[in-house]
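Please open the model in your viewer and keep the selection tool at hand, since this tour moves from one selection to the next.

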Amino acid sequence: MSPRIPVWIGHRPYPSIKDAKDACRDLVAKHPGNGQAVGQVKAQGSPQLVDDQDDIAFLHDLLKSHPCPGGVIGAGVKHFLVSVNADGHRNQRCLWVWRDDDSADDFSWKDCVDNAPREAT
């Protein structure tokens with residue numbers, strides 16, 4: 001059995017990488033795709049706007065751990081959405097960032113968690 005390595009997403013500690021990934025899966029599962037959608041992501045199949053303030057704060061903190069956060073954040077974050085991934089692969093639901101310049105892209109929460117600090121920052 002592998003050792004439990006704590007992970008920090010912003011000010012939130014998780015006892016292990018698995019626990020942090022489970023938190024991301026739970027957030028995606030909370031948004032089944034029947035809510036408000038915005039812009040060009042509509043073509044990606046039933047997107048849902050993330051509008052819970054705690055979830056939004058979590059996603060901002062999560063995005064800071066992305067291996068290339070500047071490339072994902074770009075001009076700034078206007079919204080977060082849950083929708084299928086950009087290539088439609090297996091119709092898998094994932095996280096999207098909708099930027100201030102009205103561009104959008106999906107991003108890997110798994111990469112963010114894998115790259116997250118292992119101690120409080």
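**Starting at helix 2**

Begin by selecting helix 2, where the buried residues are D55, I56, F58, L59, D61, L62 and L63; buried means under 20% relative accessible area, with exposed over 50% and partly exposed in between, for a 1.4 Å probe and protein chains only. This is a predicted model, in which local features need pLDDT of at least 70 and side-chain atom pairs count only at pLDDT 80 or more, while totals for chains, interfaces and linings use all residues. Residues are numbered from 1 along each chain as its sequence is written, and side-chain values use heavy atoms, with hydrogens and water left out.

Now follow helix 2 along residues 53-64: its 12 residues reach 17 Å from the first C-alpha to the last, close to the 16 Å expected at 1.5 Å a residue. At the start of this helix, select D52 and D54, where a side-chain oxygen of D52 comes to within 3.1 Å of the backbone nitrogen of D54.

**Into the core**

Next, select F58, L59, L62, F80, L95 and F107, which touch the most other members among the 24 residues of the largest nonpolar core; such a core is a set of buried Ala, Val, Leu, Ile, Met, Phe, Trp, Tyr and Cys residues joined through side-chain atoms within 4.5 Å. Helix 2 supplies the largest share of this core, 5 residues.

**Ending at V84**

Finally, select V84, which lies in strand 4 and counts as buried because its relative accessibility is 6%. Adding D106 to the selection shows two C-alpha atoms separated by 8.6 Å, although V84 and D106 are 22 residues apart along the chain.

Key: Helix = DSSP H or I, 4+ residues; strand = E, 2+ residues; numbered from the N terminus. Expected span 1.5 Å × (residues − 1). Polar contact = N/O pair within 3.5 Å; in protein donor to acceptor, adjacent residues only side chain to side chain.
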